[in-house]
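Me: I am new to this one. Show it to me, and then let me ask why each thing is called what it is called.

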Amino acid sequence: MKRRNFIKKMGFAAGAPIAFQGIPMKVLGSHQNLQRLAAQSDNDRVLIILQLHGGNDGLNTVIPISNYDEYYSRRANVAIPYKVGNRTLIPLDSTVATEEQVGVHPDMHDFKYLYDTGRAAVFQGVSYRNNNGSHFRGRDIWFMGGDADDYFSSGWVGRYLNTQYAPLSYPADFPTTEMPDPLALEMGNDVSLLFHQEGNIPTSISLGSNPEGLANLIEQLEGFEDEGIDPRGNPPAFLNDSPYGQEMNWILGLEDKSEVYIQRLAEIYEATSETTVTYPETYPFNAPQGAKTNPLSNQLQVVARLLAGGIKTKVFLVKMGGFDTHASQVESYDPTMGLHGALLYHISSAMRAFQADLRSRGIEDRALTMTMSEFGRRIGSNGSYGTDHGTGGPTLMFGLGVKQGIYGTVPDVSQSNVGLQFDFRQICANILKDWLCVDQSVITNDIFFRNFIDGTDPDGGTYEPIDLIKEVILGEKEVVKSKYKITSLYPNPANNYTQVKVMVNNYQDVKVELIDLNGVVVSEFNRSVAPGEHTFSFMLDGMSPGFYFIKAKSQLLDDTKRLIIRK
Amino acid sequence: MPLTELTGPLGKKRAAHLLRRACFAGTVSEIESFALLTPAQAVQQLFDAALPDPVLPIDPLTGQEWITQGAQSEGFELEGFFLAWNLSQILGNGIEETKKLSYIFRERLVFFFHTHFTTKRSVVGNARSLYHQQALFRLFAFDGTDIIIPPEDPDDPDSMETIVPRNFKQLTKKICVDNAMLVFLDGRLNVKGSPNENYARELLELYSMGRGLEGNVPEPEFIGDYFYYSEEDVQAGARVLSGFTTDTTFATIDEETGLPRGTARGGTTASSHEEGSKTFSIRLGNAVVTPDPDLLLGGNPTEESALDEISQFVDLIYSQEEAARHICREIYRFFVYHQIDQTLSDDIIQEMADVFAASEFKIQSVLEVLLTSEHFYEAEAGSDDNNFGSIIKSPLDLVVGFIRNFEIPIPDYVTELETFHDFASGILQSMSNQGLDYYEPFEVAGYPAYHQFPIFNRNWIATNYLTNRYNFIRGSVSNGIIMEMGQVDILQFVRDNFSDAIASNARDLIIAISEYFLPTAENLSFDTPDVGELTVERLNYFLTAFLFAPQIDADPEAAWTFRWMNGVDDEVIANQLTNLFNAMLQSPEYQLM
């Protein structure tokens, strides 16, 4: 099919980005400063937003340990056990202070692995002032990035993309040679408020699971015909401002972008190989049948494949539903299993596979994933093994660029709701600044209309910058070594004994070996250990003086130190 | 007065508009006959109170209805049969011609109620509950007259007939203890001492009071304040609603509706219902719902006292002016246009709300005023701010509208049940491909097109969905691709509906088709620019697709006339018509209603 530029004829009046309203586009386009601004945006990092639809129960996702007893008493029928039984919460990081200790759900092993290998972080108490108990308003507020009483018709990502590519405006000026791809992609078929811009079609394209089939179909349909006199149906000028004209332009805009972009996406998709990683398919424990299939695996596979094909799209939205757990959130006989456990398993296992997929394709440093859910749930459970709508909750973050950590403090569970520690826009703003390298003034003036990085908090005080992105993305080894290592070897040089102190951050079978210069294992310990520091004592009586090595190994631990024996 | 009545005959354009909005679409002959009526006459014909009841849904394994007796088919199959049966009603299948439009209009209102009091079949998991919920909607769809229950003993002069109000408020009370709703929003789990607020919250937020006009809601004044109600009201409401569970034997019959409903937990007393009075927040005037002492049994709540509390609570909600405005905004968005600003709200919506409240919340009263108003058609005279083609069709509107436009033959529900079921699954599959998984909206607020600010029905248009809409048209008018739901015999259709004088002239035919099936198509001309509601270029594009792509004749227009008048080479005629209809219907114009 032939390319066309009919959209210019139609004149999308409201497409101008906010910062440049009222200034003729032609002049802007040739203005050097502005061209530079557009060029600045040129990094290959992408943001993936994982929407947890329905209001995730944060307190069974990230479980407080320091006030566990109170947590338990507030929600005994759904509480995740601690130190009782064989499915108990997994302590996330024993290296943090006792009062900051948290655990994750027993079905989040893979999350724990991602955390330990420097690919995950937790933010507690993410919310906004006057958190709205409605699914719909709540989600709109997250998507539009406003206050509880704002009604923007654009989303924060839509505004980000508007500024990112200014002075070009979407859809009229796209695609370009530099940006041949959709600015944003939404997996599934929706058009979320997240990607909306003021008065025009959203900046995203929605994509089902089969880009090739869709492209073929578009190619065949008369409705996408673009040759001839007026194949499109631009309404006559006098109807342009009528409701009919507006709806017509909406459909025409999407029709055009669909055709152009789907072809391009199909090409990228076809040219890239399938994943070599096995993605998870089902939840292995008891849960309602409808919740057993992993809803993320397919979506994430498509994203990984497109990224590997060199797609330049900046923002992706993947979604899963089922979090509105008013009833039967857990199985009545085992609070660690059931609907919610399955959902958390799906997230953790699919994200681990996704990271592995990206790694095998050599692009793991490009993607950052954050979760969002319209609200957290009530601290106290209800009588139907469920939880009602609450306010604050945790945000999970994934990716090699994330600074591993537990951000914020353990929530006060004596209240009815989880209190606010981070406005969600603080997290988004810091990601825009440090991950997507957007100018702070642009974030403040054109995206969130408030300085969420270090400006004044209207509730009092100032926002603190959140240091959540690694300045240098370290290899996995360096990250693991910070929490799995030989912490000391003493005495060294040693005479008749030495003590090795080993730190681990998970339950592990640890092997500590004493090895001579020829590589022969002279002596060894095998021990199952809990997170924390452990001491291994080697008796050295009768051993020849000289150089030796102490080697500590486990699933994640691999550290060696030199030992000198003197007599 | 903003809602000025439109007088004089409708004419073709307005008749087609009214039939699209009220009955999914009109056939050529229906449009012609409505064109001669005034809006008042047309709307009166649509609200025909004397409609037949639907035949009950049938299980193909037994050949018997499965509502009052057992079925052999599995539960999930019954769900599919229910949806198919519902489509049979929507299509007016087997209904006599004089009642058909009214019957279909009632079904479109039933669909409106379903988008409002929504449900999901995967959650409810019971086809009979879905059926009975829909029967409740049908009972309340035409609410112009109240429900009259005949006296128990007609021969006893002291035995009186009972009059039960039939209106939206009454429906709201009934839906609170509806079996499907008790499951869908966990009402059956809401018990004394352990409230489950799910239903109470959505009752206030989605079903009655609403959250106000988007972008124009005043600031909250305290924690948990939503201005028109508050968290406290959700909690008090949950206490009022507590203590009910489902009765899936469907033996508990509501005396006023004659339909099955849920039942209070407990025996002679409603032992799981919260005792005592329930106090609401300042947003509801600090009102108190108090159990009627006459209905208590030894001081304990009974099913009657609990139902009475629900009735008091719903009365309390509807005593707030915002409730009528909220529901009228939904009516407006469903029938007129999705964009409502403060000016329109103060003007049109407020007037609708006033009519609504003055009629004790009768939907019919509001619709009678709205559908006969100038605003529904041209908006204000002389402005281009009209409401023709301002709604993007839902997949149901598109598919059912297409079947009605082209009078695709529908297998009989009783005598050709199996064929009908195949036909219906074809429709349901098409709708699902276009983004409407019928009776399975993704979220509890229902299909996003009916609630998702700011884009509402624009939600129906996404890449996949639009492609599948066009694909549906192609499958239904092309030669060679057989769809389960049947195809238009396009040649026969044109022969049956257009005179030779029109059909033999390619340009006149295009104009006639446009006028019946596209929402704005007045003053069309192939030559004079800037007068017609479709551009000269657009019409010529249709002509090109019709006769010039491929061009097999030296003078294609003359050749068309010759073939048509002499009845030669039907194959060429049918192919050319197929090309024409594909060009005209795989179009943004046909996506609008």
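Me: In this predicted model, what is the bridge partner of A:Glu513 in β18(A)?
Reply: The partner is A:Lys551.

Me: What makes β15 and β18 of chain A a pair?
Reply: A pair needs at least two bridges. Six bridges join β15 (residues 508–516) to β18 (residues 546–553) of chain A. So the two strands count as paired. They run antiparallel.

Me: Which sheet holds them, and in what order?
Reply: An open sheet of four strands in chain A, ordered β16-β15-β18-β19. Its pairing is antiparallel.

Me: Why are β16 and β19 of chain A said to stand at the edges?
Reply: β16 (521–529) and β19 (558–565) each have a single partner strand. One side of each is therefore left without a neighbour in the sheet. Neighbouring strands here are turned by 15° against each other on average, direction ignored.

Me: How do you know that β2(A) and β4(A) are paired?
Reply: Same test: at least two bridges. Three bridges join β2(A) to β4 (residues 102–104) of chain A, so the pair qualifies. One detail: in β4(A), A:Gly103 is the bridge partner of A:Ile63.

Me: Which strands flank β4 in its sheet in chain A?
Reply: The order is β2-β4-β3, in an open sheet of three strands with antiparallel pairing. β2 (62–64) and β3 (90–91) of chain A have a single partner strand each, so they are the edges.

Me: What makes the peptide bond before A:Pro167 worth a look?
Reply: The bond from A:Ala166 to A:Pro167 is cis, with omega near 10°. Most peptide bonds are trans. A:Pro167 is in the loop between α7 (156–164) and β6 (184–187) of chain A. The bond from A:Tyr490 to A:Pro491 is also cis, with omega near -10°. A:Pro491 lies in the loop between β13 (485–490) and β14 (497–504) of chain A.

Me: What is said of the phi of A:Asn130?
Reply: Its phi is positive, about 55°, although A:Asn130 is not a glycine. Most residues other than glycine have a negative phi. A:Asn130 sits in the loop between β5 (120–127) and α6 (135–144) of chain A.

Me: Why are α20(B) and α25(B) called roughly perpendicular?
Reply: The label covers angles of 65 to 115 degrees. The axes of α20 (residues 490–497) and α25 (residues 570–585) of chain B cross at roughly 85°, so the label fits. The axes come within 8 Å. Among the contact residues are B:Ile490 and B:Leu491 of α20(B), and B:Ile573 and B:Phe581 of α25(B). By class, the contact has seven nonpolar, one polar and one charged residues.

Me: How many residues of chain B are in contact with chain A?
Reply: 66, in contact with 54 residues of chain A. α19(B) gives the most to that side of chain B, with eight residues. The side divides into 23 nonpolar, 25 polar and 18 charged residues.

Me: How do you know whether the radius of gyration of chain A agrees with a compact globule?
Reply: With 567 residues, such a globule would have a radius near 24 Å; chain A has 27 Å, which agrees.

Me: Where does pLDDT stay under 50 in chain A?
Reply: Over residues 1–41. Where pLDDT is low, the predicted coordinates should not be read in detail. The mean for chain A is 85, and 90% of its residues reach 70 or more.

Terms used
Residues numbered from 1 in each chain as written. Chains lettered and ligands numbered in written order. Predicted model: local features only at pLDDT ≥ 70, side-chain atom pairs only at ≥ 80, totals over all residues. pLDDT = per-residue confidence, 0-100. Contact = placed C-beta atoms within 7 Å. Axes fitted to C-alpha atoms, helices over the stretch in contact; angles between N-to-C directions. Nonpolar A, V, L, I, M, F, W, Y, C, P; charged D, E, K, R; others polar. Rg over C-alpha atoms; globule rule 2.2 N^0.38 Å.
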